[in-house]
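Here is a set of short exercises to work through with the structure open beside you. Try each task on your own before you read the solution.

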Amino acid sequence: SGGDNGTLHFWDWKTGHCFQQQMTIAQPGSLDSEHGIYATCFDRSGARLITGEADKTIKIWKEDPLATPQTHPVNYVPPKETRRY
């Protein structure tokens, strides 16, 4: 998900755990209020994330090919109780 302050949050769809956060960089000459991310989608391969941002840029993010579970661990502890509403 993208925020109006320029942050990208990556979530586990099953648990709802935010496992990674990334901050985008606005174009030089942009105002501080132009850090927002309006749209996000994956390309057809599913390997790159495309973002449309408030500073009138489209950015393409690729995954780190050197990332492993050891270098980028997911620190998630499931809750002890599950509540049903």
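A polar contact is a pair of N or O atoms within 3.5 Å, and within protein one of them must be able to donate a hydrogen and the other to accept it. Keep in mind throughout that this is a predicted model.

**Exercise 1. A contact in a loop**

Task: Find the residue whose side chain makes a polar contact with the side chain of Thr57, and decide whether Thr57 is buried or exposed.

Solution:
- Step 1. Start by locating Thr57, which lies in the loop between β4 and β5.
- Step 2. Look at the side chains. That of Thr57 meets the side chain of Asp55 at 2.6 Å, and the pair counts as a polar contact because the cut-off is 3.5 Å.
- Step 3. Check the accessibility. Thr57 has a relative accessible area of 14%, so it is buried, since buried means under 20%.

**Exercise 2. An unusual backbone angle**

Task: Work out what is notable about the phi of Lys56, and whether Lys56 is buried or exposed.

Solution:
- Step 1. Place the residue: Lys56 lies in the loop between β4 and β5. These two strands form a hairpin with four residues between them.
- Step 2. Recall the background. Most residues other than glycine have a negative phi.
- Step 3. Compare. Lys56 is not a glycine, yet its phi is positive, at about 65 degrees.
- Step 4. Turn to the surface. With a relative accessible area of 75%, Lys56 is exposed, because exposed means over 50%.

**Exercise 3. The hairpin of β1 and β2**

Task: Describe how β1 and β2 are joined, and name the bridge partners of Leu8 and His9 in β2.

Solution:
- Step 1. Trace strand β1, residues 7-11, and then β2. The two run antiparallel, with five bridges between them.
- Step 2. Pick out individual pairs. Leu8 has Gln22 as its bridge partner in β2, and for His9 the partner in β2 is Gln21.
- Step 3. Follow the chain through the turn. Six residues separate the strands of this hairpin, and Gly16 in the turn has a positive phi of about 80 degrees.

**Exercise 4. The open sheet**

Task: Give the strand order of the open sheet of three strands, and say which strands are at its edges.

Solution:
- Step 1. Read the order across the sheet: β3-β4-β5, with antiparallel pairing.
- Step 2. Find the edges. β3 (37-42) and β5 are the edge strands, as each pairs on one side only.
- Step 3. Add the twist, which averages 20 degrees from one strand to the next.
- Step 4. Look at how β4 meets β5. Five bridges join this antiparallel pair; Arg48 has Lys62 as its bridge partner in β5, and Leu49 stands opposite Trp61 in β5.

**Exercise 5. Two residues on the edge strands**

Task: Classify Ile60 and Ala39 as buried, partly exposed or exposed, and see what lies how far from each in space.

Solution:
- Step 1. Take Ile60, in strand β5. Its relative accessible area is 59%, so Ile60 is exposed.
- Step 2. Measure from Ile60 to Thr40. They are 20 residues apart in sequence, and their C-alpha atoms are 9.8 Å apart in space.
- Step 3. Move to Ala39, in strand β3. Its relative accessibility is 42%, so Ala39 counts as partly exposed.
- Step 4. Go from Ala39 to Gly2. These are 37 residues apart along the chain, with 7.3 Å between their C-alpha atoms.

**Exercise 6. The largest pocket**

Task: Give the volume of the largest pocket, and find which residues and elements line it.

Solution:
- Step 1. Begin with the volume, which is about 600 Å³.
- Step 2. Go to the centre. Of the 17 lining residues, Phe10, Phe19, Gln20, Glu63 and Asp64 are the closest to it.
- Step 3. Assign the lining to elements. Those that give two or more residues are β2 (18-23), β4 (48-53) and β5 (58-62). The largest share, three residues, comes from β2.
- Step 4. Sort the lining by class: nine residues are nonpolar, four are polar and four are charged.

Note on methods: Residues numbered from 1 in each chain as written. Predicted model: local features only at pLDDT ≥ 70, side-chain atom pairs only at ≥ 80, totals over all residues. Heavy atoms only, no water. 1 Å grid on protein atoms, 1.4 Å probe; cavity = no way out; pocket = protein on both sides within 12 Å on 5 of 7 lines; lining within 4 Å. Points joined across faces, edges and corners; volume = space filled by probe spheres on them. Nonpolar A, V, L, I, M, F, W, Y, C, P; charged D, E, K, R; others polar. Pairing = 2+ DSSP bridges. Axes fitted to C-alpha atoms, helices over the stretch in contact; angles between N-to-C directions. Buried < 20%, exposed > 50% of the residue type's maximum accessible area, 1.4 Å probe, protein only.
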